[in-house]
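Here is a friendly walk through the fold, from the whole chain down to one helix. Have the viewer open alongside as you read.

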Amino acid sequence: MTTALILSLVLQSLAYAAPVLLASLGGLFSERVGVVNIGLEGLLLVGALAAVVAATVTGSALLGVLIALLVGGALAALFALFGVVLRRDQVIVGTTLNFLALGLTGMLYRAWSASGSGGGKPLPPLTPIVGDGSTSLNALTLLALLLVPAAHWLLFRTRLGVILRATGEVPEAAAAGGTAVSRLRVLVCLLTGGLCGLGGASLSLGISSAFTEGMTNGRGFIALAVVVFGRWNPFGALAASLLFAAADVAQARLQTVAGVQNWLASLHLGDTYPFFLALPYVLTLVALAIRGSKVRPPAALGQPFEQG
Amino acid sequence: MKQRLLRDLPLLLLTFSLGAAALALIIRLVGASPVAVSKALWDGAFGSRYSLSETLVQTAPLLLTGLGVAVAFRCGLFNIGAEGQFLVGAMAATGVGILKNVPAVIHLPLLLLAGAAAGALWSGIAGLLKVYRGVQEVLSTLLLNFVALQMLSWMVRGPLQEAQKGFPQSDLIAVPARFVLLAPGTRLHAGVLLALFCAALIWFFLRWTAGGFALRAVGSGEGAAEAAGIPVRRTVLATFLLSGALSGLAGAIQISGVTYLLSDGYSPGYGYTAIAVALLANLSPLAVVPSALFFGALTAGSNVVQQRIVGIPSVVVQVLQAVVLLAFLAYAWARERRQRREEGGVA
């Protein structure tokens, strides 16, 4: 393999890792304060649409990204209302959020395309920071990578980090120490929504340069698995998202390799591309199974808390 | 009981009106008329003899998958994989349905059995992962949905593809493997009755058998169940199997009662709607019947909405479901709050 090919594979893997990494950092913060958010998938999807619409309308990718951040946060506010303030079961609220996001993005995107509000304007791409074309690194990918040490520092080196982690382990103790547990959880939910909004933007603006219905394809769920696999640690999440992104890139490349194609054809299995598409999910399952019960989630995960 | 229902009614009406208002706003936002949409929704669900039969046809898979979800949730297991279990059930049922030389009398039972078994196996993977490797079932069942979707995509282009190899779909299943139709001019089939029978069966199982008791006990607290001598692991695994079997059966019934063949993108999301069905029924197997009927009507209705009203795509049903669920969650919260106030607790 030439250096150029390797470089392009690495950069592509980084770009593919960005949506999952951003969403998993959001999920990680949520779970660290005791909130389990199955709605990452829906938040990503909403972010992806918001970024495309806003970027097309304003003609600025940066504004698209910012709007995606805000819209992700807004939808997460709905999650926080039901899942934290009204203390409903978080798995159920998250699942509902996914329905809502899938339905709403589908309806709004069609209405928007049909109304011609895009006006045939081109979608401004995310400008590469390094390189160009397929061998480039965009600002959102870079941001996602930089957020990893930042998140680690925040969680493990600051007073706020101690409070965050205590809230997810022993909320009673955190409350006794003067933390407004519910308020902190709501704020973290908003942060999660914002991060997922960015993740969605990195998917629609950074990778696909378009929005399609249901384009997240389970990336939000993989992000949740990444949180577990990475042991609720930002660097762990980075490693896990890179692993899955690399697998995703590899499966796409493998499909086009003549030797692999010939071998598969010799097995007479019919069209085999679904095997490749299923690979990231199977890999995630296997990874979770290997990691197994050796990991321990925050003790108060998913439990509602009521300030006494 | 009746009195409480009467007192809760205003609250119920209030939350659902709020939901309806939110929906109307969304529909206006995409440039359609809320009145026209509600009219189409009603017509599609109850407007004619055919609409009514369509509502029942849509109810059957939702009833069975809803039961599957309810059973798992009652045991404290978040099985969100009904969609995948439904799909593998449909695949296995098709595999059996297209077989030649099967004695006619046993073809349909065999098909149903295959569907249920496949669903149970698929859900059993999540069960094994949970019991032996501590993998959260929320994650494993969700991921298995995506794997099942790709498996379906391969099946209809590979082993189960029609003999002509034209489209990504299977051949028609044999005639004896199909459910009889109940009303001429409609798609109403005998599988709907089987689904109803299953609801009664699950109710009986949960309420009156030792296995059902163990399932509920584990759901109310693993520690206590263990202390009471209930084999927790075995109960969890058995619940996964039962839950998956019900969703797998739903897939089989859909094959032998409605479509007679398997195609790409086979499910319009029955397995996800099932979660809403189970929740609205408060996880009670008997209440799953009206709840499935309600969502069945929504599904049948939104099929007509999508045909009749420009700008409203089929995904509108997801929005409807989400709004219903949010309204229900708000209602449950308000009711709990009032109850606690009345009991003199801190609100």
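Chain A is built from 12 helices and 2 strands. Going along the sequence, these elements come in the order α-α-α-α-β-β-α-α-α-α-α-α-α-α. Please keep in mind that this is a predicted model.

**Overall dimensions**

A compact globule of 308 residues would have a radius of gyration near 19 Å, and the 20 Å of chain A agrees with that. Along the principal axes, the C-alpha atoms of chain A occupy a box of roughly 65 × 50 × 35 Å. Half the chain is tucked away, as 50% of the 308 residues of chain A count as buried. Among contacts in chain A with a separation of 6 or more, 79% join residues 24 or more positions apart.

**A look at helix H12**

Helix H12 of chain A covers residues 273-291. Its 19 residues, at 1.5 Å each, should span 27 Å, and the end C-alpha atoms lie 28 Å apart, which agrees. The helix also has a kink of about 40° at A:Leu279, shortly before the proline A:Pro280.

Which residues of H12(A) are buried? They are A:Pro274, A:Ala278, A:Pro280, A:Tyr281, A:Thr284, A:Leu285, A:Ala287 and A:Leu288. The proline that follows the kink at A:Leu279 is thus listed among the buried residues.

The cover over these buried residues includes helices from both chain A and chain B:

| Covering helix | Chain | Residues |
|---|---|---|
| H9 | chain A | 219-229 |
| H10 | chain A | 234-254 |
| H6 | chain B | 137-155 |

How values were computed. Residues numbered from 1 in each chain as written. Chains lettered and ligands numbered in written order. Predicted model: local features only at pLDDT ≥ 70, side-chain atom pairs only at ≥ 80, totals over all residues. Helix = DSSP H or I, 4+ residues; strand = E, 2+ residues; numbered from the N terminus. Rg over C-alpha atoms; globule rule 2.2 N^0.38 Å. Buried ≥ 20, exposed ≤ 12 C-beta atoms within 10 Å, placed from the backbone. Contact = placed C-beta atoms within 7 Å. Expected span 1.5 Å × (residues − 1). Bend = angle between axes of the 7 residues up to and from the residue.
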